Amino acid sequence: MIARVIVTPKPVVNDPQGLTVKQGLASLGFREVTDVRVGKYIEVNLEGSSEHEARRRVEEMCRQLLANHVIEDFRFEVEEAPAPAEVPSG
Amino acid sequence: MRFGVVVFPGTWSDRDCGWVIDQVLGAELRYLWHKDRDLQGCDCVILPGGFSHGDYLRTGAIARFSPVMESVAEFAERGGLVWGICNGFQILCEAGLLPGALIRNDALQFRCEWTHLVCERTDTAFTAVVERRQVLRIPISHGEGNYFADPPTLSRLEQHGQVVFRYADEHGFVVPAANPNGSMHNIAGIVNERGNVLGMMPHPERAAELEIGSADGLFLFRSLLDSGVKVLTA
């Protein structure tokens, strides 16, 4: 299984990175940008569990380590990991 | 009085703390490796500054799972003195030993400069020889020292008088211009409700000799030496 976790700063937390990126976009002419929040994307590969079990485990991972509940929210999706790409022969 | 200084991979201020304890104060010093659980009978455990485990994921996020931190949490639970400085403060917040979190400085810059701190609590073991409202000149050195707590937590901190240090101007006035990182309420350091766990972003160990610009940091080290800890160790 593969879990794709997205961690974002909570709406109430000031995000100076997002603010700076927003200013950068504005100076490039993207005037329509009203807000930018910068978070993290984390891929977690898990061994042989059901999707239900994987979701339960990833939720725990997020609570215990991947996100800090004081300042961050998290969400994730879980799916079968794609088969490893075959190495071309010859 | 025996001080323990915890060393994580990436800690950089352990020797500065050790210098002050050993060479300036002549107190007893032990370095505590992050993989060890034995606190070696220390009366005060310091979590020094640096970039433990590269600050990967979040500052202090990995360090809090070190074996030594289990012992530090038990020690704090028993009333032992725990002092987190800079990265140590971040670790204490991640470990839940102090409330809130340290996020990126509002100006996004790494700030390495002298600050003035006004001391609002002089009844803790860390500040016993500091005068109330005394202004201490102590430097900061961090990119993520912007103290954040949700409104209920913040008002609880204020109600219980857990804010020990605030960034102030040289006269001790807590003004926005003196806030180097965007910290809520100009918070530079807090204690837990019991008063035995202190976290602060500024570096007292880098202000312990006049030759380097200030010896105000010694007030904290001396407080620990002179405070009730003597009773515990006697």
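Two residues are in contact if their C-beta atoms, placed from the backbone, lie within 7 Å. By that criterion, 12 residues of chain B contact 10 residues of chain A. On the chain B side, the residues touching chain A comprise five nonpolar, two polar and five charged. The model is predicted. The points below take chain A, then the helices, strands, loops and cores.

**Chain A**

- Chain A contains two helices and three strands, and along the sequence they come in the order β-α-β-α-β.
- The radius of gyration of chain A is 18 Å, well over the 12 Å that the globule rule gives for 90 residues, so chain A is more spread out than a compact globule.
- Along the principal axes, the C-alpha atoms of chain A fill a box of roughly 45 × 45 × 20 Å.
- Buried residues make up 17% of the 90 residues of chain A.
- When contacts in chain A are limited to residues at least 6 apart in sequence, 66% of them join residues at least 24 apart.
- H52(A) sits in helix 2 (residues 51-66) of chain A. H52(A) counts as exposed because it has 9 C-beta neighbours inside 10 Å, and a residue with 12 or fewer is classed as exposed.
- H52(A) and F76(A) are 24 residues apart along the chain, and their C-alpha atoms are separated by 13 Å.

**Helix 1 of chain B**

- Helix 1 of chain B spans residues 14-24, and its buried residues are D14(B), C17(B), V20(B) and I21(B).
- These buried residues line one face of helix 1 of chain B, because they fall within an arc of 135° when seen down the axis.
- The packing partners of the buried residues of helix 1 are strand 1, strand 2, strand 3 and helix 5 (218-226) of chain B.
- G26(B), just after helix 1 of chain B, has a positive phi of about 70°.

**Helix 2 of chain B**

- Helix 2 of chain B covers residues 67-77; V68(B), M69(B), V72(B), F75(B) and A76(B) are buried in it.
- The arc that they cover around the axis is only 115°, which puts them on the same side of helix 2 of chain B.
- E74(B) and E77(B), on the other side of helix 2 of chain B, are exposed.
- The buried residues of helix 2 of chain B pack against five strands of that chain: strand 1 (2-7), strand 2 (28-33), strand 3 (44-47), strand 4 (81-85) and strand 11 (197-200).
- G79(B) follows just after helix 2 of chain B and takes a positive phi of about 100°.

**Strand 6 of chain B and its partners**

- Strand 6 (residues 111-119) of chain B runs antiparallel to strand 7 (residues 135-142) of chain B, with eight bridges joining the two.
- Opposite V118(B) stands V135(B) of strand 7 of chain B.
- Strand 6 of chain B is also antiparallel to strand 9 (residues 163-168) of chain B, to which four bridges join it.
- C119(B) has F165(B) as its bridge partner in strand 9 of chain B.

**Positive phi in loops of chain B**

- Most residues other than glycine have a negative phi.
- L57(B), which is not glycine, has a positive phi near 70°. L57(B) is found in the loop between strand 3 and helix 2 of chain B. With 17 other C-beta atoms within 10 Å, L57(B) is partly exposed.
- H185(B), likewise a residue other than glycine, has a positive phi near 55°. H185(B) belongs to the loop between strand 9 and strand 10 (187-191) of chain B. H185(B) counts as partly exposed, with 15 C-beta neighbours inside 10 Å.

**Nonpolar cores**

- The largest nonpolar core has 73 residues, and V6(B), I46(B), V82(B), L92(B) and L117(B) have the most contacts inside it.
- Helix 5 of chain B supplies the largest share of this core, six residues.
- Leaving aside residues up to four places away in sequence, L117(B) touches nine-named partners in chain B, including V135(B), L136(B), I138(B), F165(B), Y167(B), A188(B) and P202(B).
- A second, separate core of 11 residues includes V58(A), A67(A), F74(A) and F76(A).

Terms used: Residues numbered from 1 in each chain as written. Chains lettered and ligands numbered in written order. Predicted model: local features only at pLDDT ≥ 70, side-chain atom pairs only at ≥ 80, totals over all residues. Pairing = 2+ DSSP bridges. Buried ≥ 20, exposed ≤ 12 C-beta atoms within 10 Å, placed from the backbone. Arc of directions from axis to C-beta. Nonpolar A, V, L, I, M, F, W, Y, C, P; charged D, E, K, R; others polar. Rg over C-alpha atoms; globule rule 2.2 N^0.38 Å. Core = buried A, V, L, I, M, F, W, Y, C linked by C-beta atoms within 7 Å.
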